[in-house]
Structures are given as C-alpha cells and as structure tokens.
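Grab a pencil and work through the exercises on the structure shown here. Each one comes with a solution that goes step by step.

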Amino acid sequence: MNALLQCAKFGVPTDGAEIYVTHFPCLQCCKSLIQAGIKAVYYAEDYKNHPYALELFKQAGVKTEKVEAKGAIDVNGKQKRTLYSYC
C-alpha cells in the first residue's frame, strides 16, 4: 500500500505497472492494486491468499505469480533467498 501512496504523492503513474511484494496481497490491498491499474503482482510468500482476491485479480486481468526468493535477508538478519521468476 505504501508504494501506491508514494506514487500518488509524487505523481508517478501506476497504470499498467508491475509490483513486486514479499507476500500475497490481502483482500483490501488487492482491491487497491486493481484500482491503481497494476497489471502484474509478483510475490515471494503466500499469505492468506483469499479466494475472492484471486478471483478479483483474474477478473481484472491482473497476472499473479509466486516467485522464489534466495539470497535475501529476513527481518531477523538470517539469509533468505533471491527473487527470480519461474518463467
């Protein structure tokens, strides 16, 4: 949500943009991403993937893709994985 608010604040267009997030968006964030015109959501971790959010993304033509993370550091300073796509 913060990324969308920063774009709005500084006049950065989001229509047709892609977003990379750590976790699958909640239902409210899903609605905001659709309204902002986001066309693809790439996420590293599942998080309460609400069936209605999945349906809304599908109806809006928003691509959702889980990507693996390796090489990243988690909030506790432990080694995680880096993001890359399964393409």
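What follows is a set of worked exercises on this protein, which is a predicted model.

**Exercise 1. Get your bearings**

Task: find how many helices and strands the protein has, and in what order they run from the N terminus.

Solution:
- Start with the count: the protein has three helices and five strands.
- Now walk the chain from the N terminus, and the elements come up as α-β-α-β-α-β-β-β.
- Next, burial: of the 87 residues in the protein, 28% are buried.
- Last, take the contacts with a separation of 6 or more: 26% of them are between residues 24 or more positions apart.

**Exercise 2. Lay out the open sheet**

Task: work out the order of the three strands in the open sheet, and say whether the pairing is parallel or antiparallel.

Solution:
- Take strand 1 and strand 2 to begin with: they run parallel and are joined by five bridges.
- Within that pairing, Ile19 sits opposite Val41 of strand 2.
- Move on to strand 2 (residues 40-45) and strand 3 (residues 63-66), which also pair in the parallel sense, over four bridges.
- Here Val41 faces Thr64 in strand 3.
- To get from strand 2 to strand 3, the chain passes through helix 3 (residues 51-60), and this β-α-β crossover is right-handed.
- Put it together: the three strands form an open sheet with the order 1-2-3 and parallel pairing.
- The edges belong to strand 1 and strand 3, each of which has a single partner strand, so each has one side without a neighbour in the sheet.
- As for twist, the average is 20 degrees from one strand to the next.

**Exercise 3. Dig into the core**

Task: find which residues have the most contacts inside the largest nonpolar core, and which elements supply at least two residues of this core each.

Solution:
- As background, nonpolar side chains in soluble globular proteins tend to be buried together.
- In this model the largest nonpolar core has 14 residues, and Leu33, Ile38, Val41 and Phe57 have the most contacts inside it.
- Helix 2 (27-35), strand 2 and helix 3 each put in at least two residues.
- Zoom in on Ile38: leaving out residues up to four places away in sequence, Ile38 touches Leu4, Thr14, Ala17, Ile19, Leu33 and Val62.

**Exercise 4. Chase the aromatic rings**

Task: find which residues form an aromatic cluster with Phe24, and describe the geometry of the pairs Phe24 makes.

Solution:
- Searching the whole structure turns up three aromatic pairs.
- One of them is Phe24 with Tyr43, an edge-to-face pair at 5.1 Å centre to centre with 85 degrees between the planes.
- Phe24 sits in the loop between strand 1 (18-23) and helix 2, while Tyr43 is in strand 2, so the pair links distant parts of the chain, 19 residues apart.
- Check burial against the cut-off of under 20%: Phe24 has 2% relative accessibility, so Phe24 counts as buried.
- Tyr43 comes in at 9%, so Tyr43 counts as buried too.
- Another pair is Phe24 with Phe57, again edge-to-face: 6.0 Å centre to centre and 85 degrees between the planes.
- Phe57 belongs to helix 3, so this pair ties together parts that are 33 residues apart in sequence.
- Both Phe24 and Phe57 are buried.
- So there's the answer: Phe24, Tyr43 and Phe57 make up one aromatic cluster.

**Exercise 5. Three residues to place**

Task: say where Leu27, Lys48 and Lys66 lie, and whether each is buried, partly exposed or exposed.

Solution:
- Leu27 is in helix 2, and its 19% relative accessibility makes it buried, since the cut-off is under 20%.
- Not counting residues up to four places away in sequence, Leu27 touches His50, Tyr52, Ala53 and Leu56.
- Leu27 and Pro51 are 24 residues apart in sequence, with 9.0 Å between their C-alpha atoms.
- Lys48 lies in the loop between strand 2 and helix 3; at 66% relative accessibility, Lys48 is exposed.
- Most residues other than glycine have a negative phi.
- Lys48 has a positive phi, near 45 degrees.
- Lys66 lies in strand 3 and is partly exposed, at 34% relative accessibility.
- Lys66 and Phe24 are 42 residues apart along the chain, and their C-alpha atoms are separated by 8.2 Å.

Note on methods. Residues are numbered from 1 along each chain as its sequence is written. This is a predicted model: local features need pLDDT of at least 70, side-chain atom pairs count only at pLDDT 80 or more; totals for chains, interfaces and linings use all residues. Side-chain values use heavy atoms; hydrogens and water are left out. Two strands pair if DSSP finds at least two bridges between them. A crossover is right-handed if, with the strands pointing away from the viewer, the path from the first strand over the helix to the second runs clockwise. A nonpolar core is a set of buried Ala, Val, Leu, Ile, Met, Phe, Trp, Tyr and Cys residues joined through side-chain atoms within 4.5 Å. Buried means under 20% relative accessible area, exposed over 50%, partly exposed in between (1.4 Å probe, protein chains only). Contact means heavy atoms within 4.5 Å. Rings of Phe, Tyr and Trp (its six-membered ring) pair if their centres lie within 6.5 Å; planes under 30 degrees apart count as stacked, over 60 as edge-to-face and the rest as tilted. Axes are lines fitted to C-alpha atoms, for helices over the stretch in contact, and angles run from 0 to 180 degrees between N-to-C directions.
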